[in-house]
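Here are my notes after a pass through the model. They go point by point, so keep the viewer open alongside.

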Amino acid sequence: MLGRMMQFPLTLTHLLTRAASLFSDTEIVAVRPDKSLHRTTYGATVKRAARLANLLTRLGVKPGDRVATLCWNHEAHLEAYLGVPAMGAVIHTLNLRLHPSEIAYIARHAEDTVIIVDRSLLGLFEKFRAEVPSIRHVLVVPDAGPAPEGTLDLEVELAKERDDFDYPALDENQAAMICYTSGTTGNPKGVVYSHRSTVLHAMAACMADALGVSETDTILPVVPMFHAAAWGVPYAGFLCGAKLVMPGPHLDPASLVSLMASERVTLAAGVPTIWIGILALLDKDPKAHDLSAIRSMVIGGSAAPPALITGFAERHGLHVTHAWGMTETNPLGTLARLRRGMTSLSPAAQLEKRASQGYAVPFVETRHTDETGKVLPRDGATMGELEVRGPWVAASYFGGEGLDRFTADGWFKTGDVVTLDADGYVKITDRSKDVIKSGGEWISSVALENALMSHPSVLEAAVFAGRHEKWDERPIAAIVLREGKTATDDELTAHLATQVAKYWLPDAYVTVAQIPRTSTGKFLKSKLREQYGELLLSKK
Ligand code: ADP
């Protein structure tokens with residue numbers, strides 16, 4: 001017997017109609033390159049999304065066509081997030097931190113037809129424009145002055161259009177957005193989110209045990225909209241009618257803290273680097289900013305060091321929510337909340353759970369396997385590759401690449417090396433390409449980094465494999481010291497010795513001014529291996 005309920009498609013169009021009918025006065029604030037604030041509303045955004053849909057139609061964009069964005073987080077980007085998928089086209093968010101030749105590769109691969117680009121990023125676009133012949137029109141967001149001749153000024157063009165659009169009835173499985181992985185191994189791969197996956201993901205993100213987004217929130221997505229749909233945070237906010245605060249290009253700690261204070265932000269999301277900088281700033285002058293409105297800061301993208309979580313809580317009364325995800329998972333997969341009864345655990349045991357990557361959100365399933373594909377026990381100790389499945393997990397890549405990441409029985413291989421415990425908590429010990437194999441034993445670089453970052457003199461630490469004559473590989477730690485602080489190798493080793501097994505202790509330390517990073521703010525360990533990987537061979 002079949003159910004007798006309506007087939008109502010899960011499309012992003014509903015976010016527009018809902019916002020227009022319920023939240024038209026809700027505020028959206030965006031920071032301009034000159035640091036001035038632009039204030040608008042959901043109502044105006046819905047109308048401008050319709051103007052954009054009319055404009056793109058005028059420019060010949062057809063259902064399924066890719067419309068690229070090369071933009072910071074601001075209201076015009078949000079209009080594209082909504083208007084492009086709702087008209088049946090596919091928004092393709094280009095990562096402006098990549099090398100121009102990589103952006104060109106990605107834009108060519110996706111066959112982008114129109115690009116929406118910030119005036120302030122036009123110089124970057126010009127560097128690769130000639131390499132992407134599929135781009136027929138360039139729409140310039142006049143964030144830093146009017147569009148130059150030969151391009152179309154988005155404001156001028158939108159003003160010519162009607163502020164309503166006859167949105168087509170879409171199949172919920174139609175593509176809404178395409179995001180590329182950073183391609184640290186091999187070429188970047190395209191992940192194609194559907195309307196359905198994006199809507200379900202947004203609803204899951206709003207759940208109280210996930211990000212708990214509600215209409216009363218004021219959300220600051222620090223995570224760029226060109227990185228995995230800004231973790232779905234803008235869609236979750238729009239779905240609930242939360243106020244949105246878009247930081248534009250100003251992602252330095254001082255600008256962010258002042259924005260959080262002045263706009264009374266309740267929920268902010270970003271990678272650990274951002275929060276490490278913010279914590280250092282707050283530590284310097286704890287009373288300078290009133291962050292009392294904050295209810296949680298979501299940290300993900302790479303491991304949140306436990307010292308960061310406790311530093312915010314103990315010194316500033318601020319709560320961190322640690323989450324894990326990937327471009328391939330739309331991106332939220334797991335989230336580290338304490339489960340029922342866990343608040344009676346010792347503070348150290350609670351921190352252990354909260355600093356792990358957490359347990360899967362509803363409809364995401366997790367398991368870990370060995371090299372032969374055998375599913376491993378959930379004992380909190382056995383390391384294996386994390387695999388996930390669910391309605392917002394990629395089933396394949398655009399163009400059919402990377403088939404080896406999908407198992408025959410329907411799981412996606414994440415490339416993350418993890419343990420899983422009996423409570424379902426995932427703990428990442430490494431990405432498989434960064435694993436350190438010493439005499440056949442695996443050493444967790446993440447555990448070493450977390451332990452090092454709990455030393456009072458260490459601001460950041462990245463641990464990577466150095467080649468070794470006897471053991472093949474041994475850990476080397478790259479350290480960034482806090483301003484005015486020092487630490488000798490022996491002091492660091494003594495600090496680590498209380499927390500990790502003896503054979504895990506690094507064979508060498510290198511002090512660096514900055515740890516090299518990927519375009520999405522993760523430690524670029526391949527660069528460290530290139531620079532210092534031979535260090536132990538010469539040392540002997
Ligand atoms: P990229 O391949 O560009 O880094 P993603 O942003 O999709 O692309 O990165 C996903 C990866 O980021 C995960 O596979 C994992 O290694 C890492 N990651 C994400 N969140 C966390 C976290 N909370 N802790 C540790 N690693 C994380």
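Which atom of the ligand does a backbone N or O atom of T327 lie 2.6 Å from? An oxygen atom: that is the ligand atom at 2.6 Å from the T327 backbone. Bear in mind throughout that this is a predicted model.

1. Polar contacts to the ligand. Besides the T327 backbone, have a look at two side chains. H322 puts a polar side-chain atom 2.9 Å from a nitrogen atom of the ligand. Q357 also has a polar side-chain atom by a ligand nitrogen, here at 2.8 Å. As for cover, the ligand has 560 Å² of accessible area on its own, and the protein covers 95% of that.

2. Who makes up the shell. Two elements give two or more residues each to the shell around the ligand, namely β14 (320-325) and β20 (426-431). The biggest giver is β14, with four residues. There are 17 residues around the ligand, and the ones that come nearest are S182, A323, T327, D416 and K522. By type, the shell splits into nine polar, five nonpolar and three charged residues.

3. H455. You'll find this histidine in the loop between α13 (445-452) and β23 (458-468). Is H455 buried or exposed? It counts as buried, because its relative accessibility is 10%, under the 20% cut-off. A polar atom of the H455 side chain lies 3.0 Å from the backbone nitrogen of S457. Setting aside residues up to four places away in sequence, H455 touches A487, L492 and H495.

4. Cysteines. How many disulfides does a search of the whole structure find? Zero. C71 is in no disulfide, and the nearest cysteine sulfur to it, that of C179, is 14 Å away. A pair would have to be within 2.5 Å to count as a disulfide. C71 counts as buried because its relative accessibility is 1%. Seen from the other side, C179 is in no disulfide either, with the sulfur of C71 as its nearest at 14 Å. At a relative accessible area of 2%, C179 is buried too.

5. Helix α4. This one runs over residues 100-110, and its buried residues are P100, I103, A104, I106, A107, H109 and A110. If you want a reason to look at the spacing: an α-helix has 3.6 residues a turn, so residues three or four places apart point the same way. Colour the buried set of α4 and check P100, I103 and A107, which are among its members. What do the buried residues of α4 pack against? The list has four strands, β3 (66-70), β4 (90-93), β5 (112-118) and β8 (175-180), plus the helix α5 (122-128). Right after α4 comes E111, which has a positive phi, near 55°.

6. P9 and its distant partner. P9 sits in the segment before α1 (13-22). With a relative accessibility of 32%, P9 counts as partly exposed, since that class lies between 20% and 50%. In sequence P9 and E172 are 163 residues apart, yet in space their C-alpha atoms are 5.2 Å apart. Leaving out neighbours within four places in sequence, P9 is in contact with L170 as well as E172.

Technical notes:
Residues are numbered from 1 along each chain as its sequence is written. This is a predicted model: local features need pLDDT of at least 70, side-chain atom pairs count only at pLDDT 80 or more; totals for chains, interfaces and linings use all residues. Side-chain values use heavy atoms; hydrogens and water are left out. A residue is near a molecule or strand if one of its heavy atoms lies within 4 Å of it. A polar contact is a pair of N or O atoms within 3.5 Å; within protein, one must be able to donate a hydrogen and the other to accept it, and residues adjacent in sequence count only if both atoms are side-chain atoms. Accessible areas come from the Shrake-Rupley method with a 1.4 Å probe; for residues, only the protein chains shown count as cover. Ala, Val, Leu, Ile, Met, Phe, Trp, Tyr, Cys and Pro count as nonpolar, Asp, Glu, Lys and Arg as charged, and the others, Gly among them, as polar. Buried means under 20% relative accessible area, exposed over 50%, partly exposed in between (1.4 Å probe, protein chains only). Contact means heavy atoms within 4.5 Å.
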